[in-house]
Amino acid sequence: MSIVLEQSEIDRSLKRIAHEIIERNHGLDSVILLGIPTRGVTLAQRIGSFLSAIDSPVPVGTLDITMFRDDLRLRPPRPLVATSIPSQGLEGRDVILVDDVLFSGRTIRAALDAIGELGRPKSVQLAVLIDRGHRQLPIRADYVGKNIPTNAKESVKVQLREIDGEDQVEVSL
Amino acid sequence: MHSPHLLSINDLSKGEILEILDTARELARITDGSMKKLPTLRGRTVVNLFFEDSTRTRLSFEAAAKRLSADVINFSAKGSSVSKGESLKDTAQTLEAMGAELIIIRHSSSGAAQRLAESGWVKSHIVNAGDGMHEHPTQALLDAFTIRNHFPEHDRDFSGLRIGIVGDILHSRVARSNALLLTSLGAKVVFIAPPTLLPVGVENWPVEISYNLDDELSHLDAIMMLRVQSERMSDAFFPTEREYARDFGLGTQRLKALKPEAIIMHPGPMNRGLEISAASADSSQSVILEQVANGVLVRMAVLYLLMGGASVPTEGVLV
């Protein structure tokens, strides 16, 4: 087991992502953050608070994609997590999906399907704390905290203080 | 849920009941917006196997399955080969050969769903949608879901709630399932009925018994009026309909005696003027149409939890 990101580095990565979001979207007027449970939600909230510190507050929501997964039949039914879409809706917005780890890309595909049911955003972008490679679908992230080359068998564990009591990312076999 | 079937409330732990109710609530939230249809069960086939008449239960299961993108085959015994003498076993096996993965069964014989699940005739998931005078678990789940929506302070536990079930308890699978489920969640259930409409051995059920509706009205948080099931009545269980309505019907006078926050429930179909007056059924305290809407959500939750995932966890790295 090795720790690949510590608290200060996680903070710095998220702050940098916040800056990149502002730069790329020329401000935050139409930006909306959607966290994918569980840890994507926490990360979206943190990026949201960096954005309001740097520029202005943006709506932050959560999107549970369980019902849209294509691998549901590979494991026992998962409990559903709350979905909350900000009242402004997604129509015409720049939606930024936030997740902790980008791996196969299947979660993001499911999220894109779910967003398709909810409306027609102007754009959908993806922010992840860790990109560990091994994509199974043609999906890439727009904002990456850190690229970590991994073996497909390794597991990447993101821990956040709001949920796990401390901030760190570890890779283990 | 640990069982591949939903046959009886007795098979569910309190945790599993709450899991179903929580799932239904999240589904309500998801489908409340513009996500009317979810792709979760795309390509899976669900069969409504109905040997008994039904409007809302069959339509509710059908709506639930379709909102999850499943294919639905409807079977009703009337006009089918059952009238030529085909057995339950052959009928079920025929449907499974056509690709059914989950069978929703309603039958006039108590235990029909259990027989189908345990006989080894079919591999499908079985959901009991009412078997004789035995159980109707999804009705009880939707009733609990409705009660919970109205008493948010009792979200995880119904302790302190007093729920009256009134009328034809004897013939009612709804009463049995509800008594089991609501007490399992901690509520106090009281059966209010004439002695002739209470089942033998009711004193061993975890419920209170009352023969006087007026004594109870002001103490109830929810009152569930049951349909008088004339089609199952071979004897005279009460002298006349007028007398029944006078003693056990929820009329306008009784409506006033209820607590203002108490809710009025009915599993449907209603005999207006017999067990419930039109004024009560349409009053602001009535949640009868909410029950119907909630039925679809609870049944979606049950379908998802039974057939949405793998029955056994598989190996491999999944993200």
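The following dialogue reads the sheet and some backbone features of a predicted model.

Student: How are the strands of a sheet held together, and in what order do the strands of the open sheet in chain A stand?

Tutor: Strands of a sheet pair through backbone hydrogen bonds, in either a parallel or an antiparallel manner. In chain A, five strands form an open sheet in the order E3-E2-E4-E5-E6, and the pairing is parallel. Strand E3 (60–62) and strand E6 (143–147) of chain A each have a single partner strand, so one side of each lacks a neighbour in the sheet. From one strand to the next, the twist averages 25°.

Student: How many bridges join E2(A) to E3(A)?

Tutor: Strand E2 (residues 31–35) of chain A is joined to E3(A) by three bridges. Leu33(A) has Val60(A) in E3(A) as its bridge partner.

Student: Which strands of chain A do helices H2 and H3 touch?

Tutor: Helix H2 (residues 39–54) of chain A packs on the sheet and touches E2, E3, E4 and E5 of chain A; its direction makes about 125° with that of E4(A). Helix H3 (residues 106–118) of chain A also packs on the sheet, touching E2, E4 and E5 of chain A, and its direction makes about 155° with that of E4(A).

Student: Where is the cis peptide bond from Pro37(A) found?

Tutor: That cis bond runs from Pro37(A) to Thr38(A), with omega near 5°. Thr38(A) lies in the loop between E2 and H2 of chain A.

Student: Is His26(A) buried or exposed?

Tutor: His26(A) is exposed, because its relative accessible area is 73% and the cut-off for exposed is over 50%. Although not a glycine, His26(A) has a positive phi of about 50°.

How values were computed: Residues numbered from 1 in each chain as written. Chains lettered and ligands numbered in written order. Predicted model: local features only at pLDDT ≥ 70, side-chain atom pairs only at ≥ 80, totals over all residues. Heavy atoms only, no water. Pairing = 2+ DSSP bridges. Helix = DSSP H or I, 4+ residues; strand = E, 2+ residues; numbered from the N terminus. Axes fitted to C-alpha atoms, helices over the stretch in contact; angles between N-to-C directions. Contact = heavy atoms within 4.5 Å. Buried < 20%, exposed > 50% of the residue type's maximum accessible area, 1.4 Å probe, protein only.
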